[in-house]
Amino acid sequence: MIKTLFKKDALAGLIEAVRKDGGEFVAPTLVARQASYKAVTDAAAIETDYIVPQNSFKEVLFPQSEAIATFKEAGTNMAGVEVNAKDTVVFGSRPCDAASVASLRSVFTWDFVDEFYTTREDKAVVISIACTKGDSSCFCTSVGLAPDATEGSDVLLRETEDGDFSAEAVTDKGKTFVKKHKDVFTTCKAAKEIAIFEPVKLDKVDLDKVGESLADTTHYDNDKMWGDIARKCIGCGACTYSCPTCHCFDIVDEGSFFEGERRKNWDACQFDFFTLHASGHNPRDTQYKRWRNRFMCKFKIYPGKFKTKGCVGCGRCVRVCPVRLDITEVMEELS
Ligand code: SF4
Ligand code: SF4
């Protein structure tokens, strides 16, 4: 494995080089006192003191709302729109977030290739920074990842004791990027790396048992556990919107009868009208069914159908839940 040195003070030059080529540089920056992935133009705006940014960078690849077609006269004269995608560098991602890219791709290329997603992902270079600190909500090691996992990162940086980074180009895309910016990624002089944070492994969680339990549908409707868990849930959708692997969207026509756009907007399985049919029937008419669905999606459907991870252990859903529902407690219960 060849490593290079990425000096922190080279960040400004890298941002400038990416932007000069017409690209965008996305990195954690403070928004309302919380680190959030946003496009930045200035290295000074990049926040370095964070565990995981409060949003995931899926919104770079899969925007919260985007036009996918235009229409005139209510559904007639439909025209497609070009994917509005720039070459983008996502800098300072955490390895858990980077691992979610494979999960999103597996969904967006499953029965239909969503070019809005794939074009953006193909144009993105993910530069992750291995975690040297975490909190009690982090559990990547319990879902088969690690704070320095390379899965999904094009380049993985590890902090060094002198405040810089050693850089490992992981993918061909990453290698090309490092080569292109060789004035920034210089030869490494055996810099000493800071120790990687070790999240507490949830010893009561066994993902195989979680999968087996969810596959056994004999207790699907009868298990009191779902009702007990979901009683607190207010269906706000914060867990799904903040989750790097949640990918549900709705398509709506916006505008007037005469002219408008067909838009793809994020949606959330925790909303009561998410599965509401035009007939009025709602197959997930109570919150426990919606919660159970979220679990099925993450621990049965993703690994079974797509062979990817439905949960990368970032802990965001635990941190944002206003009623402190904790996904790891359910994983333990099912184990
Ligand atoms: S389910 Fe929760 S912990 Fe798992 S990836 Fe989504 S937000 Fe992160
Ligand atoms: S964040 Fe908490 S309260 Fe909101 S939908 Fe998710 S589990 Fe329910």
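Begin by selecting ligand 1 in this predicted model, together with the 13 residues around the ligand, of which Cys 243, Cys 311, Cys 314, Gly 315 and Cys 317 come nearest. If you then colour the helices, you will find that the elements giving two or more residues to this shell are helix 9 (287–306) and helix 10 (316–320). Colouring the shell around ligand 1 by class instead shows eight nonpolar, two polar and three charged residues.

Stay with helix 10 for the next stop and select Arg 319, whose side chain meets that of Asp 135 in a salt bridge, at 2.8 Å from N to O. Arg 319 lies in helix 10 and Asp 135 in the loop between strand 7 (124–129) and strand 8 (155–159), so this pair ties together parts that are 184 residues apart in sequence. Arg 319 is partly exposed, with a relative accessible area of 27%, and Asp 135 also counts as partly exposed, at 26%.

Now select strand 4 (residues 65–72) and strand 12 (residues 259–266), which pair in the antiparallel sense over seven bridges. Within this pairing, look for Phe 71, which stands opposite Gly 260 in strand 12. Strand 4 also pairs with strand 5 (residues 76–80), again in the antiparallel sense, over three bridges, and here you can find Thr 70 opposite Ala 79 in strand 5.

From strand 12, move to Lys 264, which forms a salt bridge with Asp 114, the closest N and O atoms being 2.7 Å apart. This pair links distant parts of the chain, since Lys 264 is in strand 12 while Asp 114 is in the loop between helix 3 and helix 4, 150 residues away. Are these two partners buried or exposed? Lys 264 counts as buried at 3% relative accessibility, and Asp 114 is buried as well, with a relative accessible area of 7%. Add Glu 66 and Arg 120 to the selection, and you will have the four residues Glu 66, Asp 114, Arg 120 and Lys 264, which are linked in a network of salt bridges.

For the last stop, select Glu 121 and Arg 105, which form another of the 17 salt bridges that the structure holds, with their closest N and O atoms 3.2 Å apart. Glu 121 lies in helix 4 (residues 115–122) and Arg 105 in helix 3 (residues 95–108), so the pair ties together parts that are 16 residues apart in sequence. Here Glu 121 is buried, with a relative accessible area of 12%, whereas Arg 105 counts as partly exposed, at 27%.

How values were computed
Residues numbered from 1 in each chain as written. Chains lettered and ligands numbered in written order. Predicted model: local features only at pLDDT ≥ 70, side-chain atom pairs only at ≥ 80, totals over all residues. Heavy atoms only, no water. Pairing = 2+ DSSP bridges. Helix = DSSP H or I, 4+ residues; strand = E, 2+ residues; numbered from the N terminus. Near = heavy atom within 4 Å. Nonpolar A, V, L, I, M, F, W, Y, C, P; charged D, E, K, R; others polar. Buried < 20%, exposed > 50% of the residue type's maximum accessible area, 1.4 Å probe, protein only.
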